[in-house]
Amino acid sequence: MHLPLLWIIPALPLAAVLLNLLIGDRLGKAGTTVLACGSVIVAFGFALRAVLHLAGLPESERHVVEACWTWMRVGDFSADVSFLLDPLSAVMVLVVTGVGSLIHVYATGYMSHDPSFRRFFLYLNLFMFAMLTLVLADNYLLMFVGWEGVGLCSYLLIGFWYERPSAAEAGKKAFIVNRIGDFGFMLGAFMLIAATGSLNFDQVFAAAPHVFAAGGAAITLATLLMFLGATGKSAQIPLFTWLPDAMEGPTPVSALIHAATMVTAGVYMLARSHILFQLAPASMEVVAVIGAATALMAATIGLAQNDIKRVLAYSTVSQLGYMFMACGVGAFGAGIFHVMTHAFFKALLFLGAGSVIHALSDEQDMRNMGGLAPRLPWTHATMAVATLAIAGVPFFSGFFSKDEILADAWASGHFGIWAVGIVGAALTAFYMTRLYVLTFRGPSRLSHEAEHHLHESPPSMIAPLVVLAVLSFAGGYVGIPFQEGGHAFARWLRPVMEAGDVVPVHHELSHGAEWALLLVSVLVALGGIGAAFQAYLQNPDLATSLRERFAGLYRVLEHKYWVDEIYDAWVVQPFMAASQWLWRVWDTVVVDGLVNGVGYTLELGSGMLKLFQTGFVGTYALWIALGVIALFFHFLR
Amino acid sequence: MIPLSWLIALSAVVFAIGVVGVLVRRNALVIFMSIELMLNAANLAFVAFASHLRSLDGQVFVFFVMTVAAAEVAIGLAIIVHLFRLRETVFVDEIHLLKG
């Protein structure tokens with residue numbers, strides 16, 4: 001039988017990291033480029049080969065496990081380093097290596113002037129290794145290794161320009177906020193070990209329906225803890241505040257880690273654990289509500305931001321909310337579908353924004369842009385495709401995935417969630433069109449300096465944009481609705497989603513209802529786009545007057561609901577005060593007191609003992625003689 | 001035949017002279033000789049008991065003690081000679097660098 005060679009997919013970027021670390025200084029810039037991009041592109045090749053192999057198998061056998069070695073064996077518990085390829089991880093591994101390759105190529109152009117070129121690709125390849133470990137792991141423990149690995153790389157890359165205090169702060173914030181989520185992940189994993197005695201996906205999912213009472217407290221708590229982990233990694237309420245700050249990192253990092261791959265790890269984890277979540281309906285409701293709330297909240301914040309990358313960051317938070325909304329209403333497949341299309345168009349948006357920033361000599365404020373369409377034709381065209389895709393305009397990829405999520409929300413009876421999703425979709429169309437208009441249309445508001453240096457990006461940056469634009473348009477056609485037995489993407493995921501004893505409930509909509517929902521979301525998307533064109537292009541005074549009319553609301557949105565300030569006052573400051581107390585009282589007084597006390601006691605004792613050591617041989621001899629006499633008395637008494 | 005108690009008494013007296021010599025004299029050579037005195041007091045006791053108990057063990061032990069004493073003299077004298085070369089003195093109360 002021909003081997004799937006799964007281990008080689010994460011091993012290639014790791015090998016590139018090690019080579020770069022050991023001999024990178026001798027390779028030079030060109031060598032580093034070839035090594036970094038080459039390893040990821042070859043990994044994509046291997047991933048493609050493995051997935052084609054998987055597709056050639058009959059549907060019931062699409063579950064390839066490749067065991068490498070036993071990592072640890074403690075009593076009855078054992079964990080392996082082994083990889084799993086099934087339709088779900090196949091989608092993720094293709095997205096990660098495919099979009100990852102494009103972003104690597106783009107980054108060679110974007111980072112070409114950076115003095116830390118080599119360090120950048122070292123981190124980026126390390127990230128690829130961790131992310132591929134995460135999606136290919138066949139147990140929660142190995143998944144957690146990847147989970148922590150991507151968190152570390154995210155921290156390193158957000159703080160890549162560590163000379164800037166804001167970047168260093170943002171990196172720390174991302175790391176600490178993620179830790180809170182990771183703690184939940186770990187506790188959830190501990191509960192799974194306690195109940196099922198294993199962390200292996202197959203064993204946990206096989207045992208779960210028997211050891212957990214459906215809807216019981218244990219499974220609800222375990223899944224909620226795991227969802228806490230997902231909210232940290234995927235920037236959902238209450239742990240979303242780190243993602244907008246993460247924009248301090250270089251733009252290819254924002255595209256790769258904070259849009260296309262790492263932040264979707266939480267969705268992947270939920271989809272992977274869908275058997276557990278289906279046992280806990282209460283957790284599912286929580287996931288759906290949190291997802292919908294995040295989608296709406298982030299979309300409203302996105303309306304009032306002026307930094308081009310921050311708008312995209314809030315848009316990412318909002319889109320991730322849609323994915324969780326899908327998982328919460330039981331449409332895990334639709335969530336993964338949106339992960340894929342979002343990876344295409346959001347990576348494209350970030351890379352396009354990076355191209356604009358690059359062209360304008362690091363200008364990020366949209367108020368200082370405008371009228372760039374004729375000057376940056378390729379960037380403009382590709383960004384326009386991505387904007388149409390995310391806004392949900394028919395025939396673009398985002399339309400298919402978002403519409404499927406909304407249809408599933410309606411079909412499962414979550415009408416409130418559906419309504420929130422529709423409002424969010426309208427806002428998405430509005431703020432994305434606003435971004436597009438402010439950047440590319442209308443009069444130029446460029447500074448003289450920026451105007452002078454304005455240039456279209458080099459081919460290494462344009463080529464990935466074009467490929468991603470094609471994918472952003474065409475990526476949705478694997479999920480055309482109105483097909484008997486579900487569309488191609490759903491059929492592909494079916495072996496995973498219908499595995500186990502818990503069969504998901506199917507909600508069939510009548511064709512009429514489906515058409516009606518489709519029409520509503522199309523109208524909403526076009527309405528949002530039209531409104532933004534009206535407010536920012538045809539009639540710019542409208543935006544200003546609206547802003548003045550609703551000044552209070554605008555202030556709330558501009559300051560992001562003061563979430564950061566509230567967290568600072570209610571969480572960070574009390575925590576700091578407690579730490580200060582522990583430092584000044586517990587540490588300096590108690591711990592240091594104990595340690596120093598031992599020292600002082602010994603010093604006092606030895607100070608007395610040293611009086612006996614006079615240096616005179618005679619004195620010692622006298623003590624020996626006295627000792628002998630004392631012994632005599634003791635024994636001969 | 002001399003009674004055992006006399007011999008033991010003599011041994012004890014010689015040993016006590018050795019102890020006092022070690023404790024009160026300053027000259028390293030004399031201290032050394034006093035130690036030899038103590039060793040020989042012990043030898044005398046061994047021999048006395050050996051003859052009293054009609055056993056050879058005590059006499060054999062004396063040879064061991066003499067061997068050890070010879071080795072000790074060799075090392076001890078070497079130390080004293082070195083000491084004199086370095087410090088030009090053999091008085092132990094003038095050598096008290098090693099103290100707490």
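How many bridges join strand 1 (residues 64–74) of chain A to strand 2 (residues 77–85) of chain A, and which way do the two run? In this predicted model, the count comes to nine, and the strands run antiparallel. They form a hairpin with two residues between the strands, and G75(A) takes a positive phi there, near 60°. Two of the facing pairs can be picked out by name: M72(A) has A79(A) of strand 2 as its bridge partner, while R73(A) stands opposite S78(A), also in strand 2. As for cover, strand 1 of chain A gets hardly any, with zero buried residues among its eleven.

The rest of chain A is a matter of helices. Its secondary structure comes to 25 helices and two strands, and its C-alpha trace spans about 115 × 65 × 55 Å along the principal axes. Of the 637 residues in chain A, 50% are buried. Contacts across the sequence are plentiful too: among those between residues at least 6 apart, 80% join residues at least 24 apart.

Helix 2 of chain A (residues 87–110) makes a handy example. From first C-alpha to last, its 24 residues reach 34 Å, close to the 34 Å expected at 1.5 Å a residue. Where strand 1 of chain A has zero buried residues, helix 2 of chain A is mostly covered, with 23 of its 24 residues buried.

Then there is the nonpolar interior. The largest nonpolar core takes in 203 residues, and the members touching the most others are F127(A), M131(A), L136(A), M325(A), A347(A) and L348(A). Helix 14 of chain A (residues 332–359) is the biggest giver to this core, supplying 17 residues. Apart from it lies another core, this one of six residues, including V19(B), I31(B), F32(B) and V92(B). Back in chain A, what does A347(A) touch, leaving aside residues up to four places away in sequence? The list reads V99(A), I103(A), A255(A), A259(A), A260(A) and L468(A).

Chain B has a simpler make-up to describe, with three helices and zero strands, so to speak an α-α-α run from the N terminus on. Its C-alpha trace spans about 50 × 25 × 25 Å along the principal axes. How does the radius of gyration of chain B stand against that of a compact globule of 100 residues? The globule would come in near 13 Å, but chain B has 17 Å. Buried residues account for 14% of the 100 residues in chain B. Of its contacts with a separation of 6 or more, 46% are between residues 24 or more positions apart.

Finally, the two chains meet. The contact draws on ten residues from chain B and ten residues from chain A. On the side of chain B that touches chain A, the classes break down as six nonpolar, two polar and two charged residues.

Definitions and conventions. Residues numbered from 1 in each chain as written. Chains lettered and ligands numbered in written order. Predicted model: local features only at pLDDT ≥ 70, side-chain atom pairs only at ≥ 80, totals over all residues. Helix = DSSP H or I, 4+ residues; strand = E, 2+ residues; numbered from the N terminus. Rg over C-alpha atoms; globule rule 2.2 N^0.38 Å. Buried ≥ 20, exposed ≤ 12 C-beta atoms within 10 Å, placed from the backbone. Contact = placed C-beta atoms within 7 Å. Nonpolar A, V, L, I, M, F, W, Y, C, P; charged D, E, K, R; others polar. Pairing = 2+ DSSP bridges. Core = buried A, V, L, I, M, F, W, Y, C linked by C-beta atoms within 7 Å. Expected span 1.5 Å × (residues − 1).
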